[in-house]
Amino acid sequence: MVNEASDRTRKLTKNLMAFGGQQQLQLETISIRALIEGLEDLTQGIIREDIRVAIQHLPTEHYVSADYTLLEQVLLNLVINGMDAMPDGGVLNIEVLKSGDRIGVSVTDSGGGMSTEVAKRIFDPFFTTKADVGTGLGLSISLGIIKQHQGTLSCTQTSINGSCFEVWLPEVFEAPWRETEPQSEVTQGRSTWPNSILFVEDEEAVRDVVTKMLHTLGFRPLVARTPAQALEILEQQKVDLLISDVVMPEMRGPALYQEALKTQPNLAALFISGYTQETAINMPTGNERVNFLAKPFSMGKLKQAIDQTNSDLIQSSEEKTS
């Protein structure tokens, strides 16, 4: 129990570091057009059919210096919040803006808006309007990320006609030495492996985003909120790949995997964690069925990790038969 409480505290501390703008950034020059095009591809597997997404670009290219994965995370969070604000459907507008030496992205929904009281607290950590399904950290973490990029995130309007959130970042005036990989390439031609994925994550916000990433990549994952629920699924269905958080209540990810191997000895595992691989995974080395992906990650990184796990399995099998 003490270890579990300590693990949960570390996870909470990591979230609060993001809120306070203390994460380590991996800065690169990013094309805003490429970022939005990637977001557009990503939302095709996320947005409900009763919601229309309208995207408006500026006529010319503009660039910002940012951590691509974290900036994508902020915009995706705003898009998901906008979708949730329209339970009966509507229009979600994403627009690229320019003001002086700053570049902005606005996300506007056509939902019912927020009350004055809610609008005042919307960026407070742990404040949520989603009852038991919300963590109350999405917008506060997003705000911390944008502040760390020397930018601003604000709700610029809310009324019975909907709400608008705007992200503004300093513009840079040199094109990147390499273009950010288009998101559309990420979703092309996924391999036939794995046929089945079990994804285990106790944090609701992470579980929601990664599940939607997997759907966009063409997978239909089984999803568990706890290790106990995951073991129940594994008793009933064959699974090729276990994607699991490392630090969870009840049982850590590696321990869950060891238990799962008793009934499914050919199961492969991809562990995801905000900690380093050395401290996150307590498992004997040399297991070709195990791979690791550090949080936070983009959909492209997730696909690469899955493909690498498959490649490692194929290589190991060839070595054993040679």
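User: Before we look at strand 11, what does "buried" mean here?

Analyst: Happy to start there, and please keep in mind that this is a predicted model. A residue counts as exposed when its relative accessible area is over 50%, and as partly exposed in between. For buried, the relative accessible area has to be under 20%.

User: Thanks! How many residues of strand 11 are buried?

Analyst: Strand 11 runs over residues 268-273. On one side sit Ala268, Leu270 and Ile272, and on the other Ala269, Phe271 and Ser273, and they are all buried. The strand is mostly covered, with the count of buried residues at six of six.

User: Why are there two sides to list for a strand?

Analyst: Good thing to ask! In a regular strand the side chains do not keep to one face, because they alternate between the two faces of the sheet. In strand 11, both of these faces are covered.

User: Which strands stand at the edges of the sheet?

Analyst: The sheet is open, has five strands with parallel pairing, and follows the order 9-8-10-11-12. A strand at the edge has a single partner strand, so one side of it is left without a neighbour in the sheet. That applies to strand 9 (222-224) and strand 12 (290-294).

User: By what angle are neighbouring strands of this sheet turned against each other on average?

Analyst: For this value, the direction of the strands is ignored. The average turn between neighbours in the sheet is 20°.

User: Which residue of strand 11 stands opposite isoleucine 243?

Analyst: Strand 10 covers residues 241-245 and pairs with strand 11 in the parallel sense over five bridges. Serine 244 in this stretch faces phenylalanine 271. Opposite isoleucine 243 stands leucine 270.

User: Which strands does helix 7 touch?

Analyst: Helix 7 spans residues 204-216 and packs on the sheet. Its direction makes about 160° with that of strand 8 (197-200). The strands in touch with helix 7 are strand 8, strand 9 and strand 10.

User: And what angle does helix 8 make with strand 9?

Analyst: Helix 8 (residues 227-236) also packs on the sheet, where it touches strand 8 and strand 9. Its direction and that of strand 9 make an angle of about 145°.

User: How do helix 3 and helix 7 lie to each other, roughly parallel or roughly perpendicular?

Analyst: Helix 3 (residues 68-84) packs against helix 7 with the axes 12 Å apart. Leu76, Ile80 and Met83 in helix 3 meet Asp208, Val209 and Lys212 in helix 7. The packing angle is about 95°. Because angles of 65 to 115 degrees fall in that class, the two helices are roughly perpendicular.

User: How far apart in sequence are the parts tied together by phenylalanine 123 and phenylalanine 165?

Analyst: These two rings form an edge-to-face pair, 6.2 Å centre to centre with 75° between the planes. Phenylalanine 123 counts as buried at 17% relative accessibility, and phenylalanine 165 is buried at 10%. Since phenylalanine 123 lies in the loop between helix 4 (116-121) and helix 5 (138-148), and phenylalanine 165 in strand 7 (residues 162-172), the pair ties together parts separated in sequence by 42 residues.

User: Which residue forms an aromatic pair with tyrosine 257?

Analyst: Tyrosine 257 lies in helix 9 (residues 253-260) and its partner in strand 11, so the pair ties together parts that are 14 residues apart in sequence. The rings are 6.1 Å apart centre to centre, with 85° between the planes, an edge-to-face pair. Tyrosine 257 is buried at 1% relative accessible area, and the partner counts as buried at 0%. That partner is phenylalanine 271.

Key:
Residues numbered from 1 in each chain as written. Predicted model: local features only at pLDDT ≥ 70, side-chain atom pairs only at ≥ 80, totals over all residues. Heavy atoms only, no water. Pairing = 2+ DSSP bridges. Helix = DSSP H or I, 4+ residues; strand = E, 2+ residues; numbered from the N terminus. Axes fitted to C-alpha atoms, helices over the stretch in contact; angles between N-to-C directions. Contact = heavy atoms within 4.5 Å. Phe/Tyr/Trp six-rings, centres within 6.5 Å; stacked < 30°, edge-to-face > 60°. Buried < 20%, exposed > 50% of the residue type's maximum accessible area, 1.4 Å probe, protein only. Parallel < 35°, antiparallel > 145°, perpendicular 65-115°, else oblique.
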